[in-house]
Amino acid sequence: MATQAGFLVKFPQVAQRSRDRAGAPARVGMAVRSPKGVARGVRCRASLIEPDGGRLVELVAPEEGGRREALRREAAALPHRVRLGRVETEWLHVLSEGWASPLRGFMRESEFLQALHFNAIRGDDGSMVNMSVPIVLAVDDAQRRAIEASGARRVALVDARNRPLAVLSDIEIYKHNKEERIARTWGTTAHGLPYVDEAITKSGDWLIGGDLEVIEPIKYNDGLDQYRLSPAQLREEFARRNADAVFAFQLRNPVHNGHALLMTDTRRRLLEMGYKNPVLLLHPLGGFTKADDVPLSWRMKQHEKVLEEGVLNPESTVVAIFPSPMHYAGPTEVQWHAKARINAGANFYIVGRDPAGMSHPTEKRDLYDADHGKKVLSMAPGLERLNILPFKVAAYDTKQKKMDFFDPSRKDDFLFISGTKMRTLAKNRESPPDGFMCPGGWKVLVEYYDSLTPAEGSSKLCEPVAA
């Protein structure tokens, strides 16, 4: 998200009905088995926005009745295995918890084509559900031939150590047209797109889709798993706090006081509209990011300081990690970011200038028009339940020495501090203007860049770790 963060919030058309029910806390229903016996769903009380498809799809096998252990044994015995890399495992995580509801697995060809060409898929009831990025799994020629020759309908998905993670059933294998996928998703096939280089270029020429059953919840054991709340867990937390509105803020950068201003002002506006307890979901992206972004572990340390120092109110803020990989696909990807938060119970979505954007990989310009993300969200198929409330641009007010909304009548009093400028200051151990970021948060950012400096006697700079 750009520092020059003009933003908007999307409102549900059922806002009035939600306000009428403001006194009733939201509750999460009991999990139930689907007719196919694979996906479980969670029905949600209407005071939180309903998930896409009306039911939150959960694909992790239940421990009850020994199903989880039985699935583990079956996966270990299956003759065909597809090994998942880092990004594929992150997508498995996304699917398993229902962020992509109503998807029940990696996309088959009909779903892939709908996502690629319509940014939406048609639900069981005929309605269009937003799905702007393909969630697919690639295999190579040898794997395709072996699976098709055997007539297998189920394959095991395994990690780098060959440990079973899931079973993909009722499978379909189809051609992976990489050029079409890249062009449709990014609007360019220029070399140097981070996600393309990481997850597509060297992947197989075939895609395999089917229904997923995941053996157990995906864990990373990196000290951050307590922040990785599933959509169902987030809904439970919002219910515990008696939230009558949830507004989500997605970011992949440290939080400065301009971001905080946007979030606190959103809450003020919701209170003015009649909501009694709007809750902020501060939801940093936790999957793959490009190498020059601040890694997740450091961002979470910085976010903790923002709460500790009272920049955001801990009583009305939930901090959690969104497990999706980052595409940097601009207006196409921001639809995915908004849609996924609906499934987590957020009925308001804050979006910044040039959301999910980046610089052009080969030319000195932005890859996307900075305003197209918010415009696309207002028209996106499958997001009709959401409406737009625009906000002003936030910048540093040199007179008041704090971040404030830009006032064009005294434009010379405002300083726009770009993300590049912020990173340069931190790298050089220079202080930003007072009021730009809380002191503890800035200290964390400086410590991160200090950690990249070469060790004594070494001329090589440490490489940042993606995400």
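These are my notebook entries on a predicted model of one protein chain.

**Entry 1. Confidence**

I looked up the confidence before anything else. The chain averages a pLDDT of 87, and 86% of the residues score at least 70. I then looked for the weak stretches. Over residues 1-39 the pLDDT stays under 50, although the model has 131 contacts for this stretch beyond four places in sequence. Residues 455-466 also have a pLDDT below 50, with 15 contacts in the model beyond near neighbours in sequence. Where pLDDT is low, the predicted coordinates should not be read in detail. I took no details from either stretch.

**Entry 2. Nonpolar cores**

I asked which residues have the most contacts inside the largest nonpolar core. They are Leu92, Phe106, Leu157 and Trp336, in a core of 83 residues. Strand 10, residues 164-175, gives the most to this core, with six residues. A second, separate core has 23 residues, among them Tyr227, Leu280, Leu282 and Met300.

I took Leu157 for a closer look. With its neighbours within four places in sequence left aside, its contacts include Leu92 and Phe106, both also on the list of residues with the most contacts in the largest core. Leu157 further contacts Val82, Leu84, Leu137 and Leu212. The stretch from Arg163 through Pro164, Leu165 and Ala166 is in contact with Leu157 too, as is Leu168.

**Entry 3. The five-stranded sheet**

I traced the strand order of an open sheet and noted 5-9-10-11-8, five strands with mixed pairing. Which strands are at the edges? Strand 5 (81-83) and strand 8 (138-139) are, each pairing on one side only. Strand 5 runs parallel to strand 9 (residues 154-158), and three bridges join them. I looked up one bridge partner: arginine 83 is matched with valine 158 in strand 9.

**Entry 4. Aspartate 211**

I found aspartate 211 in strand 11, residues 206-214. Is this aspartate buried or exposed? Its relative accessibility is 9%, and the cut-off for buried is under 20%, so aspartate 211 counts as buried. I also checked its spacing from glutamate 172. The two are 39 residues apart along the chain, and their C-alpha atoms are separated by 9.8 Å.

**Entry 5. Helix 5**

I started at the N-terminal end of helix 5, residues 141-150, which is capped by aspartate 140. A side-chain oxygen of aspartate 140 lies 3.3 Å from the backbone nitrogen of alanine 142. Just after the helix, glycine 151 has a positive phi of about 70°.

Within helix 5 I noted a salt bridge between glutamate 148 and arginine 144, with the closest N and O atoms 3.1 Å apart. The two residues are separated by about one helical turn because they are four residues apart in this helix. Their accessibility is not alike: glutamate 148 is partly exposed at 44% relative accessible area, whereas arginine 144 counts as buried at 18%.

**Entry 6. Other salt bridges**

I searched the whole structure and noted 31 salt bridges. I wrote down two more of them.

Aspartate 222 pairs with arginine 228, and the closest N and O atoms are 2.8 Å apart. Here the aspartate 222 side is partly exposed, at 38% relative accessibility, while arginine 228 counts as buried at 9%.

Glutamate 308 pairs with lysine 305, with 3.4 Å between the closest N and O atoms. Being three residues apart in helix 10 (residues 296-308), they are separated by about one helical turn. Glutamate 308 counts as exposed at 57% relative accessibility, and lysine 305 as partly exposed at 30%.

I also noted a network in which salt bridges that share partners join Arg108, Arg153, Asp170 and Asp211. This is the Asp211 of Entry 4, the buried residue in question.

**Entry 7. Lysine 339**

I ended with lysine 339, which lies in helix 11, residues 330-343. How is lysine 339 placed, buried or exposed? Its relative accessible area is 0%, so it is buried. I listed what it touches, not counting residues up to four places away in sequence. The run Trp99, Ala100, Ser101 and Pro102 is on the list, and so is the run Val129, Asn130 and Met131. Asp52 and Leu383 complete the contacts of lysine 339.

Key. Residues are numbered from 1 along each chain as its sequence is written. This is a predicted model: local features need pLDDT of at least 70, side-chain atom pairs count only at pLDDT 80 or more; totals for chains, interfaces and linings use all residues. Side-chain values use heavy atoms; hydrogens and water are left out. A nonpolar core is a set of buried Ala, Val, Leu, Ile, Met, Phe, Trp, Tyr and Cys residues joined through side-chain atoms within 4.5 Å. Buried means under 20% relative accessible area, exposed over 50%, partly exposed in between (1.4 Å probe, protein chains only). Contact means heavy atoms within 4.5 Å. pLDDT is the predictor's confidence in each residue, from 0 to 100. A polar contact is a pair of N or O atoms within 3.5 Å; within protein, one must be able to donate a hydrogen and the other to accept it, and residues adjacent in sequence count only if both atoms are side-chain atoms. A salt bridge is a side-chain nitrogen of Lys or Arg within 4 Å of a carboxyl oxygen of Asp or Glu. Two strands pair if DSSP finds at least two bridges between them.
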